[in-house]
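Biologist: Could you take me through one part of this protein up close? I would enjoy a careful tour.

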Amino acid sequence: MALTMKDTFYISHGAPTLAIDKSIPARHFLQSWKDKVFPQKPKAILVISGHWDTSFPAVNIVHRNDTIYDFYGFPDSMYKLKYPAPGAPELALRVKELLMASGFKRVDEDRDRGLDHGAWVPLMLMYPEADIPVCQLSVQSKRDGNYHYNLGKALAPLKDEGVLIMGSGSATHNLRALRMVDGIVPWALEFDTWLKDALLQGRYEDVNCYQEKAPHAKMAHPWPDHFYPLHVAMGAAGENAKAKLIHHSWQHGALSYASYQFKSAS
């Protein structure tokens, strides 16, 4: 009997220092993953990260994932961390097959790329043993929410094959607006609250068209790369999926760590 995953997830991974800073509440949430959030051990993990942005969908096909340090000016200890999870080349080719069968005419294969910090930082806390094969799928920031929702829809069969589908981004992601202040800036709070209400009420169409529907959309996401992983997770869960807010915290006044679980209706 194949392991079936009923749920998909969107994780707000915030700052890379999540990997080392014990004061960040989201760190404790991710460390409690297997005990409190999702006890099932997946056969493989597909991560859609806001840190891999390409013109066409791309998958990484490797046997062992290198740890990519795609950040600058952080403490030296960050650059010594390793997450040597096995690659998932069979899953990568299956992702390509599903996307092409759903009308995505071109899916590229990257045979060098390992895991960027949008993947390895949360996974290091969620699955510290690094023993589950991991594959990454890129976002296309020049496309829209509907496109990424349909990308997710094409991936839905993977849930019946024991694959955990996880989007990794940030519920708000305007790095220029971060402040060392107490309290949350109003635009960030309004966008984040709109998103929570829309998801929990099942208004996925509105979330797909968030640029027109949400307050302060451009301020919350000057570039959409960290938001589109949400649409992929949402699409993979299916149209009648139920959304649940599984973690919520803030950093630097404007960076939301809101994370969501999508439970498939069937």
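Biologist: With which side chain does the side chain of Ser249 make a polar contact?

Modeller: Happy to help, and please keep in mind that this is a predicted model. The partner is His247: the two side chains make a polar contact at 2.8 Å. Ser249 itself is found in the loop that links strand E7 (242-247) to strand E8 (250-251). Although it belongs to a loop, Ser249 counts as buried because its relative accessible area is 9%, and the cut-off for buried is under 20%. Leaving aside residues up to four places away in sequence, Ser249 touches Pro25 and Ala26, and also Leu255, Ser256, Tyr257 and Ala258.

Now for the cores around this part. The largest nonpolar core has 54 residues, and Leu46, Leu199 and Phe262 have the most contacts inside it. Apart from that one lies another core, of 37 residues, with Ala26, Trp33, Met126 and Val134 among them. Ala26 is thus a name you have met already, as one of the residues that Ser249 touches.

Leu199 deserves a look too. Beyond four places in sequence, its contacts include Ala243, Tyr260 and Phe262, along with Leu230 and Met234. Leu230 and Met234 both sit in helix H10 and are buried. Helix H10 spans residues 228-237 and is mostly covered, with ten of its ten residues buried; His231 is one of these. After H10 comes Gly238, whose phi is positive, near 105°.

Technical notes:
Residues are numbered from 1 along each chain as its sequence is written. This is a predicted model: local features need pLDDT of at least 70, side-chain atom pairs count only at pLDDT 80 or more; totals for chains, interfaces and linings use all residues. Side-chain values use heavy atoms; hydrogens and water are left out. Buried means under 20% relative accessible area, exposed over 50%, partly exposed in between (1.4 Å probe, protein chains only). Helices (H or I, at least four residues) and strands (E, at least two) are DSSP runs, numbered from the N terminus. A nonpolar core is a set of buried Ala, Val, Leu, Ile, Met, Phe, Trp, Tyr and Cys residues joined through side-chain atoms within 4.5 Å. Contact means heavy atoms within 4.5 Å. A polar contact is a pair of N or O atoms within 3.5 Å; within protein, one must be able to donate a hydrogen and the other to accept it, and residues adjacent in sequence count only if both atoms are side-chain atoms.
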